[in-house]
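Colleague: Could you walk me through this model before I set anything up? I'd like to go through it piece by piece.

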Amino acid sequence: MSQTVLEIRNVSRSFGPVRALRDIKFDLRRGEIHAIAGENGAGKSTLMNIIDGIIQPDSGEILIDGRAVRVSSPSQAQQLGIGFVHQEIALCPDVSVAENIFMAATNQSNKFLMDTASLKNKARSVLAQLADIDPGILVRELSISNQQLVEIAKALTLDCRILILDEPTAALTEREAQLLFSIMRQLTQQGIAIIYISHRMVEIFENCDRVTVFRDGQCIRTDKVSETTPEEVVNAMVGRKIESLYPPKLRKPAGPPVLQVDGLSDSRFRDISFALRAGEILGVAGLIGAGRSEIMRGICRLEGKASGHVRLHGRDLDLKSYAEAINEGIVYLSEDRKGDGVFLDLSVAVNVSALNLSQVSRSLGLIDKGAEIRLAEAMGRQLSIKTAGVGQKVSALSGGNQQKVALAKLLAVKPKVIFLDEPTRGVDVGAKSEIHKILRDLAEQGVGILVISSELPELIGLCDRVIVIAEGRITGELPAERLSEEAIMQLASNTGWQRRSA
Ligand SMILES: Nc1ncnc2c1ncn2[C@@H]1O[C@H](COP(=O)(O)OP(=O)(O)OP(=O)(O)O)[C@@H](O)[C@H]1O
Ligand SMILES: [Mg+2]
């Protein structure tokens, strides 16, 4: 018999004029994995923040085991048995992995009774289940995907009964995600109930029991996964039929090279040579840690001092800094949105013009606020960024909309070459296809577009050509007609790399 552990009754919440949640009804059963799907800004994280006591609802009730509760803070949520892995990584970067995990456990109510040594051991063993990460190193040394795993380990040490995972796999590789799913299944066998937020239909349909769809702050439907289809869920999410997921590919041969890279080497990659041609979208595939980001960051001079040659439209470049790269029209969209994608505490408008102050400056370097706002509004329309106005702080936007602001900031420069590192991570299906269409349009206008993605269907659906990196070298190149998950995987690694799906 299924037993309801958590029930949400008619919860509403507004932020000023934004009605983030309207009359939400939702229930979670013991031992189930309940997926929540919905477009960016639909209200998913807001509901989770309410359940975790981070924010309060304007009206409505939360019941745990049939009893109405007021969750006034995250520590109270912890006492009620609620564990929450946030969409955004919130670890202390200058503290060790073990201490980060341990900190969550020491927040628990029985602080005075706890056995420090056993908690530490537990932190270690939970982490070991998930990843090969040295618990002694500082969090700032970890890749984004490993930081994500530490966040998950942190929640798992809490002995919670209700576990909330808000897009936990956005930064994980397929293998890591599979590990997480097997741990989730073990937890459900112990009776733990899991809320699982994801934009990936395959994940939802392979691993979850029920799925609830949010749209515009409302709960549209809840179904057993076995009784619905990905198409139905996507249609309910966007309220319309999504015709084709990817824009058409380049039909003629690509034009002359926009960017040429010759013999680029650094400590982490060797002898990288490729050309990015006008009209094409070039994909870059590889395992996490293969060096994809490092190579692109090296070209843009965001890090390292790579030797080798870079030419832009046939002209030799001798870039010394990222600022010089931007001046030449070469920009990079970081996979780490929070770290170096956007300024969270500043407005959308300030973010969008951050790299292109000349466009919004008057004489003497004064910022023309009107121009800044017009630019942000134009970019916001182009990318369908959902805000309460461009004066809103980026931190108040939903995750996917923050990603769009990061992209808008780069596009505002009118770049000649764009490197995009996991550009649609955390972006909903509809917005994803909008971003793909924008990239295709830019390619048609002659802008060099290079996309790093860990999502193979995205590389295959979007790109005209894909180069594959393994251990800091280019191991092969695949034209559109030879693109397949198997072909990419083979080049990316000889050891059994698993499939990654959208
Ligand atoms: N602190 C806040 N102040 C103002 N508006 C907010 C705040 N938090 C959320 N919102 C708004 O509430 C709406 C719902 O946001 P929420 O983060 O819940 O979306 P989401 O479904 O999690 O989206 P995503 O898939 O992009 O993460 C958005 O319009 C967002 O801008
Ligand atoms: Mg969210």
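**A strand pair and its sheet**

Modeller: Let me start with one pair of residues: in this predicted model, Leu-312 stands opposite Arg-315 in strand S15.

Colleague: OK, and how many bridges join S14 to S15?

Modeller: There are 3 bridges between S15 and strand S14, which covers residues 307–312, and the two strands run antiparallel.

Colleague: What is the strand order in the sheet they belong to?

Modeller: The order is S12-S11-S14-S15, an open sheet of 4 strands with antiparallel pairing. Its edges are formed by strand S12 (272–277) and strand S15 (315–317), each of which pairs on one side only. On average, and with direction ignored, neighbouring strands of this sheet are turned by 20 degrees against each other.

Colleague: Which helix packs on that sheet?

Modeller: That is helix H9, residues 292–299, which touches S12, S14 and strand S11 (257–265), and whose direction makes about 110 degrees with that of S11.

Colleague: Switching to the ligand, which residues are closest to ligand 1?

Modeller: The closest are Phe-15, Asn-40, Ser-45, Ser-398 and Gly-400, out of 20 residues that surround ligand 1. By character, the shell divides into 11 polar, 6 nonpolar and 3 charged residues.

Colleague: And which helices and strands supply at least two residues of that shell each?

Modeller: Strand S2 (18–29), helix H1 (44–51) and helix H14 (399–411) each do so.

Colleague: Why does the ligand lie between two domains?

Modeller: Residues of the shell come both from domain 1 (4–238) and from domain 3 (343–412), so ligand 1 lies between them.

Colleague: Is H1 mostly covered or mostly open?

Modeller: H1 is mostly covered, with 8 of its 8 residues buried; among them are Lys-44, Ser-45, Thr-46 and Asn-49, alongside Leu-47 and Met-48. Ser-45 therefore appears twice in this account, as a buried residue of H1 and as one of the residues closest to ligand 1, where buried means that 20 or more other C-beta atoms lie within 10 Å of its own. Just after H1, Gly-53 takes a positive phi of about 75 degrees.

Colleague: Back to the domains, then: how is the chain divided?

Modeller: The domain assignment gives domain 1 (4–238), domain 2, which is written as 242–329 + 415–502, and domain 3 (343–412). The centres of domain 1 and domain 3, taken over C-alpha atoms, are separated by 30 Å. Their contact takes 10 residues from domain 1 and 7 residues from domain 3, and the side of domain 1 that touches domain 3 divides into 5 polar, 3 nonpolar and 2 charged residues.

Methods. Residues numbered from 1 in each chain as written. Chains lettered and ligands numbered in written order. Predicted model: local features only at pLDDT ≥ 70, side-chain atom pairs only at ≥ 80, totals over all residues. Near = placed C-beta within 6 Å. Nonpolar A, V, L, I, M, F, W, Y, C, P; charged D, E, K, R; others polar. Domains from an automatic or database assignment. Pairing = 2+ DSSP bridges. Axes fitted to C-alpha atoms, helices over the stretch in contact; angles between N-to-C directions. Contact = placed C-beta atoms within 7 Å. Buried ≥ 20, exposed ≤ 12 C-beta atoms within 10 Å, placed from the backbone.
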